[in-house]
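Colleague: Could you take me through this model feature by feature, giving the general idea before the particular case?

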Amino acid sequence: VGLLGLALQVVEFCKLDPWQCAFQPFVHRCVESTTCSDDDIRALVDAARGPSQAHMFMHSDGHEALGTCGSPQRGLWQMLEEGLMATSGMDPEGCKLSATGARLYSRVADEILSVQQ
């Protein structure tokens, strides 16, 4: 549902396609969040989080994503961005992107645009 970090760990361990098994479903969730109320998104986040938020957001205070001003929608998009950065093979300075990383970013952008239409 919203556990991108955990999904990426499973993808890496099982040598699966990160796009199909993790990012594509999460992108759909992020795009859907733009049309939902904050209460609906908060309910989704609470359901996905379960008793421990260890895998819900990359940066969390144990209750919500940090740096999002309490917005669960921003938390989802931030998680997508951080998951892409972690998976894409970007260099530490953020200047160079591998071919696989560029493909992943372009697939995410294409999916966002196609779902919004």
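Modeller: Gladly, and we can begin with burial: this is a predicted model, and in the protein, which has 117 residues, buried residues make up 32%. The protein exposes about 6,900 Å², of which carbon and sulfur atoms supply 55%.

Colleague: Which secondary structure elements does the protein contain, and in what order do they run from the N terminus?

Modeller: The secondary structure comes to five helices and zero strands, so that the order reads α-α-α-α-α from the N terminus on. As for contacts between residues at least 6 apart in sequence, 53% of them join residues at least 24 apart.

Colleague: How should I read the span of helix H2?

Modeller: One compares the distance between the end C-alpha atoms with the span expected at 1.5 Å a residue, and for the 16 residues of H2 (residues 18–33) the distance is 21 Å, close to the expected 22 Å. There is nevertheless a kink of about 30° at Gln-24 in H2, which lies shortly before the proline Pro-25.

Colleague: Which residues of H2 are buried?

Modeller: They are Trp-19, Ala-22, Phe-23, Phe-26, Val-27, Cys-30, Val-31 and Ser-33. Val-27 also gives us a link across the sequence, for its C-alpha lies 9.2 Å from that of Ala-109, although 82 residues separate the two in sequence. Ala-109 belongs to helix H5 (residues 99–116), and with 37% relative accessibility Ala-109 counts as partly exposed.

Colleague: How many salt bridges does a search of the whole structure find, and which side chains meet in one?

Modeller: The search finds one salt bridge, in which the side chains of Arg-29 and Glu-32 meet at 3.0 Å, N to O. The general idea is that an α-helix has 3.6 residues a turn, so residues three or four places apart point the same way. In this case Arg-29 and Glu-32 are three residues apart in helix H2, and therefore separated by about one helical turn. Arg-29 is partly exposed, at a relative accessible area of 25%, and Glu-32 is likewise partly exposed, at 40%.

Colleague: What is notable about the phi of Lys-15?

Modeller: As a general matter, most residues other than glycine have a negative phi. Lys-15, which is not a glycine, has a positive phi of about 60°. Lys-15 is found in the loop between H1 and H2, and at 71% relative accessibility this lysine counts as exposed.

Colleague: Turning to Val-11, is this residue buried or exposed, and which residues does Val-11 touch beyond those up to four places away in sequence?

Modeller: Val-11, which sits in helix H1 (residues 4–14), has a relative accessible area of 6% and is therefore buried, since that value falls under 20%. Leaving aside residues up to four places away in sequence, Val-11 touches Leu-16, Asp-17, Pro-18, Cys-21 and Ala-22. For one of these partners, Cys-21, the C-alpha to C-alpha distance from Val-11 is 7.0 Å, with their positions 10 residues apart in sequence.

Colleague: Which residues form a nonpolar patch on the surface?

Modeller: Leu-6, Val-10 and Leu-16 form it, and together they have about 210 Å² of accessible area. Leu-6 has its place in helix H1, and its 31% relative accessibility makes Leu-6 partly exposed. Leu-16 thus appears twice in our reading, as a member of this patch and as a residue touched by Val-11.

Methods. Residues are numbered from 1 along each chain as its sequence is written. This is a predicted model: local features need pLDDT of at least 70, side-chain atom pairs count only at pLDDT 80 or more; totals for chains, interfaces and linings use all residues. Side-chain values use heavy atoms; hydrogens and water are left out. Helices (H or I, at least four residues) and strands (E, at least two) are DSSP runs, numbered from the N terminus. The expected span of a helix is 1.5 Å times one less than its number of residues. The bend at a residue is the angle between axes fitted to the seven residues ending there and the seven starting there. Buried means under 20% relative accessible area, exposed over 50%, partly exposed in between (1.4 Å probe, protein chains only). Contact means heavy atoms within 4.5 Å. Patches are made of residues with over 30% relative accessible area and no salt bridge: like charges are joined within 9 Å, nonpolar side chains (Val, Leu, Ile, Met, Phe, Trp, Tyr) within 5 Å. Accessible areas come from the Shrake-Rupley method with a 1.4 Å probe; for residues, only the protein chains shown count as cover. A salt bridge is a side-chain nitrogen of Lys or Arg within 4 Å of a carboxyl oxygen of Asp or Glu.
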